[in-house]
Amino acid sequence: MEITNITEYEAIAKEKLPKMVYDYYASGAEDQWTLKENRNAFSRILFRPRILIDVSKIDMTTTVLGFKISMPIMIAPTAMQKMAHPEGEYATARAASAAGTIMTLSSWATSSVEDVASTGPGIRFFQLYVYKDRNVVAQLVRRAERAGFKAIALTVDTPRLGRREADIKNRFTLPPFLTLKNFEGLNLGKMDKTDDSGLASYVAGQIDRSLSWKDVKWLQTITSLPILVKGVLNAEDARVAIQAGAAGIIVSNHGARQLDYVPATIMALEEVVKAAQGRVPVFLDGGVRRGTDVFKALALGASGIFIGRPVVFSLAAEGEAGVRKVLQMLRDEFELTMALSGCRSLKEITRNHIVADWDQPRVVPRL
């Protein structure tokens, strides 16, 4: 069967993967209301396309933290990719590089920062969890720097792990033939089998619940890399993040895996963008499955988006070729959306190109 959109990879991944692994990737927290809402909210934004504009040439290039990329579509950090495919993060890194875009490597990857760097050139960010042992954190950040990673995406929404009931039912744990490669030499690379989610127990034991804004400042004393704060959902935190020296903000609800009944990221985006006032770029992850979704995020002020689950599902289905295909399909759909909306470059995408169901009724001026 020919795959014509990225959502179709999920069903293939479900067939191919062990239940424990598929459920880990696919599920959200508790009732999974936010998981559904991350997708559904996009359908409450409609287009106001402009017509009879010469769209014979379309430029999707952009810069992120000074790095030029081919499109505003990047790869979010997703953990333990070798559960999906033997090549795991290697395949994802090569696919991102081939597409001319950024890959974010998870702290909890099944390939190390050095492994991923060895796949060849590419712009890569490193997602960081802050462990109780700050020496572990400092060591990891230094290794990411040495391996040529260009930014730190600091996850700030996980002082404790959200309640993911599928993982509890499945007694989720990392398969025995895999390790969290970045922590292998520190005796933190394995996950114990428990009566609960093995990951929840690991987080409870290792991740620092006392993490606060002062730690964002501390991070800047140990690295010169720009820090993106990942997990902001409101204006107040956006302002504090900027004051604390963040180079950018990622509007994220952790793929709806942490606190259920937070808004969809596309619903929270505009509030954060307005608070940032252009001082730092604002990005979005969560629920993006179509080129139309990318356009809607940019129209609401995002500088770019990150995709997570489509990467692991396509990786499970077809390895590196699957991830390449996902990036290409999203790119093609986004380009088509731009053309049909009358936009030739990213700067031409404006708030006037969409209408959201929370907008006031428009008063259209008479010409």
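The following paragraphs go through the pocket, the cavity and a number of single residues of this predicted model.

The largest pocket holds about 660 Å³ of space. Its lining is made up of 39 residues, and those closest to the centre of the pocket are Thr78, Gly255, Arg257, Gly308 and Arg309. Several elements give two or more residues to this lining: the helices α1 (8-16), α2 (19-26), α3 (33-40) and α13 (309-341), together with the strand β11 (304-307). By residue type, the lining of the largest pocket divides into 18 nonpolar, twelve polar and nine charged residues.

Arg257, one of the residues closest to the centre of the largest pocket, sits in the loop between β9 and α11. With a relative accessible area of 9%, Arg257 is buried, because the value falls under 20%. Apart from neighbours within four places in sequence, Arg257 is in contact with Tyr24, Tyr25, Ser27, Gly28, Ala29, Gly162, Arg164 and Arg309. One of these partners, Arg309, is also among the residues closest to the centre of the largest pocket. A polar atom of the Arg257 side chain lies 2.7 Å from the backbone oxygen of Tyr24.

Both Tyr24 and Arg257 appear in the UniProt record, where an unreviewed entry lists Tyr24, Tyr129, Arg164, His254 and Arg257 under "binding site". Of these residues, Tyr129 belongs to the lining of the largest cavity. The contacts of Arg257 include two other listed residues, Tyr24 and Arg164.

His254, another residue listed in that record, lies in the loop between β9 (248-251) and α11 (265-276). The relative accessibility of His254 is 11%, so this residue counts as buried. Not counting residues up to four places away in sequence, His254 touches Tyr129, Thr155, Asp157, Thr158 and Arg164. With Tyr129, the side chain of His254 also makes a polar contact of 3.4 Å between side chains. Arg164 is thus named in the contacts of His254 and in those of Arg257.

The loop between β9 and α11 also contains Tyr261. Tyr261 has a positive phi of about 70 degrees, although it is not a glycine. Most residues other than glycine have a negative phi. Met80 is a further case, with a positive phi of about 50 degrees although it is not a glycine. Met80 lies in the loop between β4 (73-75) and α4 (88-99), and at 0% relative accessibility Met80 counts as buried.

From the contacts of His254, the description passes to the enclosed space. Rolling a probe the size of a water molecule over the atoms shows where empty space is left. The count comes to one cavity of 30 Å³ or more, and about 50 Å³ of space lies in the largest cavity. This cavity is lined by Tyr129, Val130, Thr155, Val156, Thr158, Pro159, Ile207, Asp208 and Leu211. Its lining divides into six nonpolar residues, two polar and one charged. Among the lining residues, Tyr129, Thr155 and Thr158 are touched by His254.

Thr155, part of this lining, lies in strand β7 (residues 151-155). Thr155 is buried, with a relative accessible area of 4%. Leaving aside neighbours within four places in sequence, its contacts are with Gln127, Leu128, Tyr129, Leu211, Lys230 and His254. Two of these partners, Tyr129 and Leu211, line the largest cavity as well.

Two further buried residues remain. Asp293 is found in helix α12 (residues 291-299) and has a relative accessible area of 3%, so Asp293 is buried. The side chains of Asp293 and Arg39 are joined by a polar contact of 3.0 Å. Beyond residues up to four places away in sequence, Asp293 touches Arg39, Phe42, Gly287 and Val288. Residue 39 falls within the range of α3 (33-40), one of the elements that contribute to the lining of the largest pocket.

Ser197 lies in the loop between α7 (165-169) and α8 (198-206). At 3% relative accessibility, Ser197 counts as buried. Leaving aside neighbours within four places in sequence, Ser197 is in contact with Asp167, Ile168 and Phe172. The C-alpha atoms of Ser197 and Pro263 are separated by 25 Å, and these residues are 66 residues apart along the chain.

Definitions and conventions: Residues numbered from 1 in each chain as written. Predicted model: local features only at pLDDT ≥ 70, side-chain atom pairs only at ≥ 80, totals over all residues. Heavy atoms only, no water. Helix = DSSP H or I, 4+ residues; strand = E, 2+ residues; numbered from the N terminus. Buried < 20%, exposed > 50% of the residue type's maximum accessible area, 1.4 Å probe, protein only. Contact = heavy atoms within 4.5 Å. 1 Å grid on protein atoms, 1.4 Å probe; cavity = no way out; pocket = protein on both sides within 12 Å on 5 of 7 lines; lining within 4 Å. Points joined across faces, edges and corners; volume = space filled by probe spheres on them. Nonpolar A, V, L, I, M, F, W, Y, C, P; charged D, E, K, R; others polar. Polar contact = N/O pair within 3.5 Å; in protein donor to acceptor, adjacent residues only side chain to side chain. UniProt positions renumbered as here; feature names shortened; annotations may be inferred.
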